[in-house]
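Here are a few exercises to work through with the model open in your viewer. Try each task before you read its solution.

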Amino acid sequence: MSSIQWFPGHMTKARRQIQEKLKLIDLAIELLDARIPFSSRNPMIDEILLGKPRLIILNKSDLADPRTTEQWMDQFKREGHVSIAVDSSTGTKVNQIPVLAKEVLHDKIARQIAKGIKPRAVRGLIVGIPNVGKSTLINRLAGRSIAATGDRPGVTKGQQWIKVGTEMELLDTPGILWPKFEDQLVGYRLAMTGAIKEQILNVEDIAFFAMKELSQRYWDTIAGRYELEVPPPSDMDDPDEIVRIMEAIGRKRGCLISGGRVDLEKASGVILRDLRSGKLGRITLEAPEFA
């Protein structure tokens, strides 16, 4: 499979812009994809944020396995972070974010009150990789369509302050990936969920990786969705076994070309669209270290 590396120039600029704005904010709101909390967590974020208090949001929780999401929240608690699982598309639990932001800043707010200072609106910086749902979340919080949204990475290009009622102000920022993926698993999981532009990827490679991951963890779900009448892969490390499953799915979905052969590129598109849209059910590809 091909190597994934992607670090457009606008992301270098976005990193610099974030660091320039740190002095203006009270806390960082780190947005992760609940299906891949590890892979969607930018390892550069710690050094970029320089110790700012943090609220972790597991977005797209409606697409993720709820049991594993709870395990991730327990993990973040052990690390000393406050976290919440939300679905920005429907608004589930989004209204709890301002309350939790104040919880993160409880000590600072208490000190201000003790000094007779009336706390101002909490200023938060939303950070996250592309296509994790930042703009959709901001629109939900603001109660109006104010941030550009899209189902592809790289929609947000600039920065803007956005008021959330009278208690919070948010600074939106473009999504930031990192210079290279030391672990190719991370790159492919990001590609599976749509965090990397498909124009720079081999769709069949990504679908192949997805089918290998899904067959290991959710075979019954896959077999049920596509009404497969074939056995699961006998050897997950055998490429022919994974291709066999992809071809079986392609036949079920009518992805055929001359001679009755399966159009693997078309079948790959079906698999990835079903995965990203939630048609395969609630799936999480990563468990926390101490699960």
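**Exercise 1. Get the overall picture.**
Work out how many helices and strands the protein chain has, and what share of its residues count as buried.

*Solution.* Start with the secondary structure: the protein chain of this predicted model has eleven helices and eight strands. Next, go through the 291 residues, and you'll find that 51% of them count as buried. Then turn to the surface, where the protein chain exposes about 14000 Å², with carbon and sulfur atoms supplying 48% of that area. Finally, look at contacts between residues at least 6 apart in sequence: 68% of these join residues at least 24 apart.

**Exercise 2. Place strand E1.**
Find out which way the side chains of E1 point and which strands E1 pairs with.

*Solution.* Step one is burial. Strand E1 covers residues 27–33, and seven of the seven are buried, so the strand is largely enclosed by the rest of the structure.

Step two is direction. In a regular strand the side chains alternate between the two faces of the sheet. Here, Leu-27, Ile-29, Leu-31 and Asp-33 point one way, while Ala-28, Glu-30 and Leu-32 point the other way. Both sets are buried, charged-type names such as Asp-33 and Glu-30 included.

Step three is pairing. E1 runs parallel to E2 (residues 54–59), with six bridges between them, and Leu-31 sits opposite Ile-57 of E2. E1 also pairs in the parallel sense with E4 (residues 122–127), over four bridges; there, Leu-27 has Gly-124 as its bridge partner.

**Exercise 3. Sort some salt bridges.**
For the pairs Glu-169 with Arg-123, Lys-252 with Glu-229 and Glu-241 with Arg-244, say where the partners lie in the chain.

*Solution.* The structure holds 17 salt bridges, so take these pairs one by one.

- Glu-169 and Arg-123 meet through their side chains at 3.6 Å, N to O. This pair links distant parts of the chain: Glu-169 belongs to strand E6 (residues 168–172) and Arg-123 to strand E4, 46 residues apart. Arg-123 is partly exposed, at 27% relative accessible area.
- Lys-252 and Glu-229 have their closest N and O atoms 4.0 Å apart. Again distant parts of the chain are linked, with Lys-252 in helix H10 (residues 239–252) and Glu-229 in the loop between helix H9 (219–226) and H10, 23 residues apart. Lys-252 is partly exposed at 38%, whereas Glu-229 is exposed at 72%.
- Glu-241 and Arg-244 come to 3.0 Å between their closest N and O atoms. Both lie in H10, three residues apart, about one turn of the helix. Glu-241 counts as buried at 13% relative accessibility, and Arg-244 as partly exposed at 23%.

One more thing to spot: salt bridges with shared partners join Glu-30, Arg-41, Asp-46, Arg-54 and Glu-79 into one network. You've met Glu-30 already, as a buried residue of E1.

**Exercise 4. Look around Pro-232.**
Identify which residues Pro-232 touches, leaving out those up to four places away in sequence.

*Solution.* First locate Pro-232: the loop between H9 and H10 holds this residue. Next check its exposure, which is partial, with a relative accessible area of 39%. Now list the contacts: Trp-219, Glu-241 and Arg-244. The last two are the salt-bridge partners from H10. To finish, measure across to Ser-215, which is 17 residues away in sequence and 7.1 Å away in space, C-alpha to C-alpha.

How values were computed
Residues are numbered from 1 along each chain as its sequence is written. This is a predicted model: local features need pLDDT of at least 70, side-chain atom pairs count only at pLDDT 80 or more; totals for chains, interfaces and linings use all residues. Side-chain values use heavy atoms; hydrogens and water are left out. Buried means under 20% relative accessible area, exposed over 50%, partly exposed in between (1.4 Å probe, protein chains only). Contact means heavy atoms within 4.5 Å. Accessible areas come from the Shrake-Rupley method with a 1.4 Å probe; for residues, only the protein chains shown count as cover. Two strands pair if DSSP finds at least two bridges between them.
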